[in-house]
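Biologist: I should like to discuss the aromatic contacts and the burial of residues in this structure. Shall we proceed by question and answer?

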Amino acid sequence: MFWNLPLIAVVVLTIIALAIIVFKKNLIKVFLGIVILESAVNLFLISLGYREGGIAPIYTNAPSTAMVLPTPQALTLTSIVIGVATSALLLSFAIIIWKKYGTIDIDRIRRLKE
Amino acid sequence: MIDLVIHALVIAGLVASALMVFHFRDLLAAALAAGFFSFLISLEFYILQAPDVAISQAAIGAGLTTAIFIIAIRATTRYEGGQP
Amino acid sequence: MRKILTTIIFVVLATGLCAIPAFLAFGEPAASEMDQYFIGHGQSEAAANNIVTSIVFDYRGFDTLGESVVLFTAVVGVGLMFRSMKGGKEQ
Amino acid sequence: MIDPWYIAVCILVILVCLSLIRLFLGPTAADRAVAIDTVNTLSVAVLILLGVAYQQIIFIDVAIVYALLSFVSTLYIAKYLGGEL
Amino acid sequence: MRMSKIVRTGANLLYPFILIFGLYVIMHGHLTPGGGFQGGAVVATAAALVIVAYSYDEVTGMLKKTAMKARESIGLLLFIGAGIAALAVGAPFFYNFLANSGLLFGMSVPAGPNPGDLNTAGVIPIMNIAVGIEVWGGLAVILLYMLSGIRKEES
Amino acid sequence: MIADVLILACLAVGIFFNALGIAGLLRFPDVYTRMHATTKMTTFGSMFTALSVIIYGVALFLSSGDGQYVTLSVHTLIAAISLAFTNAVGSHAIARGAHKAGIKPAPAIVDRLEEFTP
Amino acid sequence: MIPSFIVENSPALMVIVPLVAAFITPFIGRISSGIRSLWVGGAMAVTSAITLILAFDVYSAGTRLYVFGARAASAAIPPDSGGIPIRIIFEVDPMSALMLVITAVSGFAIVLYSLSSERSHTGLESYYTLYLLMITGILGMVSTGDIFNFFVFLEILSLASAGLIAYRIDGGVAVEAALKYFVLSTIGALAILVAIGIYYGEYNALNMAMIAARMQFSLLDQVALVLIIAALAMKCGAVPMHFWTPDAYSMAPSSITALLVVASQASLYGLFRTVFSLYNVTLNAVTVGWLIIILGVLSMVVGVTMAIPQKNVKRLMAYHAVSQTGYMLLGVGVGLAVLGNQSLLDAFGYMAMEGGIFHIINHAMYKGLLFLTAGAIFLRIGTYNLNRMGGLGHSMKWTMVFFVIGALAIAGIPPFNGFASKLMIYESVFVFNPLLAVIAMVVSILTLASFVKVFHSIFMGPKLPEFADVKEAPMPMLLGMGILALVVVLFGLFPGIVVESLITPAAHALVDQGAYISAVLGGA
Amino acid sequence: MPWWTRARISARSSEVHETMDLTSTLLTGAGSWNPLPWVLGMVVAAIIAWLIYSMGEKGYKAGTAQAEPFISGNPEPEKGMVHVRAGNLYWGYLEALKGYYDRLVPLHTGDLHDYVLWYLGITALFLVLVVISA
């Protein structure tokens, strides 16, 4: 049970991130929540590939016995770059909204309804 | 055994810094906490034997994401819900 | 009302996500045939010592293309946001 | 016998977690920036020592990247604090 | 506004150093941890360092947005070109046609733990370089655009 | 044997100074004093831990003749040098930024930066 | 006639061509706008041609596989890997081919349209770049056989759509819509990524066929199923997760809205693919089927009732898009609910699914046509507000004709294609549960009612003085609308051959999990 | 002939109407639908309508006083004024379903938090239902 620590951390971090997204009114705060959510998912992927006593999947002079699984690392690399692209686009939206509306409070960004 | 302790400490730090992001009303402080979070998750990747991912998280997460968040805070507002 | 519903949603989601640590073992992957193949053959097929790189650029190179395109898309989108709007009509 | 590298790493990680307290308390943003800067310094030591503890020489690259790059975000924070950004 | 002279000097000194290190990370992507993305991010951070140390107007003289965008497109074209080249050889898209061929980057690797050789891995180093160029341009231009957003607000 | 002692000594010194730095960060009253503690102590401490790794690498190289340990030492040296460089510049920038942000060193009598910058 | 090189590599080429075109477009735009138009139109034409070639090949010769980076298709599954495909595989079966046809036709028509509709706006290089990337995203999503690749293309699609929704940033309202869409789709995409991680952790495979072959429907699989279907149902705009739809559809440029409809259909495709090809009979078909049916019925009713009081014509049409999505969910949901029972499936299940799938292609065509007409009207009179329109039938005759075709098709008036698919849905759903069929018919009547309102207030009445000098929409726009209208009319006049040759293979390919798996894994 | 076509025809061969054009006949589960007779019927109806139209009064001339409406001598209102605008259509329908709309419209708050919460709520609901029923 104790060994599942990273996976438990994934659950806790996901819930914290969703709480930030749902309870915080400020757009930038919400985006920070999304960043944390992304990191939690990345941590999930990486911990799927961990193998007890494994070394990094790189052949060097280090003694090669067992290696951790490489595929999740490749997936996570992709996911990290997608994450930074996402946050850049989101933040530029926030800046434009600040310019046009004068606020980044979610309660007041409500011109589209019904 | 002792690597387990390191592991547990890093994860405790992760959860603590995530909670700090939740707590701070000063967005700059929240962005700093998120930078700290990025660093800790990079350390966690390092411990989980993923140096490739650790490098990219360190470069992108701790370096550039913090920078663009700070630029965005500068372009918008610093305090959640107006000046305290 | 809204608070109660939100709490219920979060409790249910947390319970559902707890299936992950309950059923997936950390440290001993349930199955690893595909990754064993990469570890065993990556060096001879892709001729790279770094297995992660050989997956990223060879076995799953198409994903990497997609990922670069995502970054490109984000850049184009950000450029669209901060474009100068001289000499054109907008809504 | 426990590996001395691991002990050193463990103590340093405890120190990192302690500086989290200053990040939490710090009355001004500058204090928090100082805490982050400190952590950046410590982290390089942590990464180097962990790399040695794992007997993986290639891991040191991560430490170099972190040492070079964390500094940039510090500069952004400082520039923002000074109102120059 | 530019930062103090100490910072500027430090940035000037560190800029080539970070660039070289980024190139190292890119070029050794198939041997050590790293690769196109990581190296590109490192190089982009060097650009970010210059951007932060000098004022925006000075920076736009040094790092042009159009040049950065061009870099991004060229990197991507190089990357997809390395894939299309496989089509030209008669293999499917993204086939690693250079690996173990004896040509450029075509040396084969002995099995098992070894320090590795730069001249291996076929198209992987080429793709690393391409992605490195792309990520460099992309991340730098994102920073420049966001700073230009601040500038427009002031004027 | 001497190498072992040296490594352990450097490690101990490094960790001791790092701990001092964190103590200063936690206990000192304002930004500038905290920065005074952390910048000097942690840079010094981290340099010493890096030094221990360098000694370790050199010692292993001398005993085994394996080239990879030289790589270890050189990379660690690069990390340490870049750390020394960046840390100094970064701390300077933070201090200047904090001063510009209006945080004045409370017990200071003479504030030369204030006098020189309009 | 067609070089075999193109036919063989068409799955790769259909992604390569728009990508390369998108990378070069920013430079082309610097030379001159005419060359840019030519470039984009040409690139889109080539893409459509390759896509149609591929679709034709799939329909005539069966499922196509394309393995990226391996000399032979057999190299995708090396002997040591435990039978797991290690490389990314594009698996184009008739269902994918149907989506490819939709994308090719609408994409080409819309690019013709936007060549003149967006002429006077700034930032056109970015516009066309993102347009081509969006096409790439849709094409990749519907043809990939690798679940992580699906996620990557989904992200390309989300980012490109978000950028394009925010295209008209002047008022800031478009940015608000884009922001809402993008936050939701990011969270949804991360949920999908968690599900991918669960599959990977359980089965150590990323290929959809391989996961399907090993699927056990354990508790973790159930969690993953829920994460995927909730995210994809949100992305296709099912009630009660539809709130982003009217915002985004009404604020995007009209040409993009027409493409967003196709993008939603791609998400819908992902949903069906997950349910049918990934899980199929292992899941509790009745529960999941009824969940999808309930989502569909809610979408139909809420969508159409919210549409009636709308005053903004595009918002009204967006609610109708939600409502029509409900028909597809209903049809395919009925097919899913009887999945375990072969006799019921033969009796009406296939027919319901065919109706739902036929509705996908019909909806993409006529809804795209309607949005394009709305854009043409906006181009000439500068407002979307129905209260300020009137009497445009005198000056915009062709636009009126196209609008009438689209409106009659969406309302299900007999000679048009909407009637055919709705008839299939009504008759088969009536056997399953008469109440659902009655609701579907009532929704259809309400749809007609609301389009009568739109038609009356835009085109009918005397010529208003403020619109005295309104001209007909320019030629390329009419051409783009004409292509879609032609497809609508043809599908309406010859539904038998369309269903027989396009829809039935797609429905059977969707249901037949064994064929999907054995196409990749061999005779297993 | 592809396998699906064979399967289909063998399943429904009894229902195929040999006389009708196969390309345009749509077989639904309970019957068939062919649009061509419908179109034919519409053409016939149009011809009949045209015949009736052509039998009409020949003395009508547009543009003369004949074409003006007779409103008991009142002046004819402006053309733009008589157009019924969209907001006034379906007033009765909306009034009749007021209770329904009063509940439905406020759900569309435009608040991002609500959007996210609806999504998460549906996920949670599906999770409960799927896991319980499995």
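Modeller: A residue is called buried if its relative accessible area is under 20%. The model under discussion is predicted.

Biologist: Which residues of α9(G) are buried?

Modeller: Helix α9 of chain G spans residues 244-251, and eight of the eight residues are buried, so the helix is largely enclosed by the rest of the structure. The buried residues are W244(G), T245(G), P246(G), D247(G), A248(G), Y249(G), S250(G) and M251(G).

Biologist: What is the angle between the planes of F72(C) and F23(G)?

Modeller: The structure holds 46 aromatic pairs over all chains. One of them is formed by F72(C) and F23(G), with 5.2 Å centre to centre. Planes over 60 degrees apart count as edge-to-face, and this pair is edge-to-face at 85°.

Biologist: Why does this pair join two chains?

Modeller: F72(C) is buried, with a relative accessible area of 2%, and F23(G) is also buried, at 0%. The pair joins two chains because F72(C) lies in helix α5 (residues 61-81) of chain C and F23(G) in helix α1 (residues 4-31) of chain G.

Biologist: Which residues form one aromatic cluster with F62(C)?

Modeller: F62(C) belongs to chain C, and its partners in the cluster belong to chain G. They are Y66(G), F68(G), F90(G) and F153(G).

Biologist: Over the ring of which residue does the charged end of R71(E) sit?

Modeller: A charge over a ring occurs between chains A and B, where K24(A) lies over the face of F22(B) at 4.6 Å from the ring centre. For R71(E), the charged end is 4.4 Å from the ring centre of W136(E).

Methods
Residues numbered from 1 in each chain as written. Chains lettered and ligands numbered in written order. Predicted model: local features only at pLDDT ≥ 70, side-chain atom pairs only at ≥ 80, totals over all residues. Heavy atoms only, no water. Phe/Tyr/Trp six-rings, centres within 6.5 Å; stacked < 30°, edge-to-face > 60°. Helix = DSSP H or I, 4+ residues; strand = E, 2+ residues; numbered from the N terminus. Buried < 20%, exposed > 50% of the residue type's maximum accessible area, 1.4 Å probe, protein only. Lys NZ or Arg CZ within 6 Å of the ring centre and 35° of its normal.
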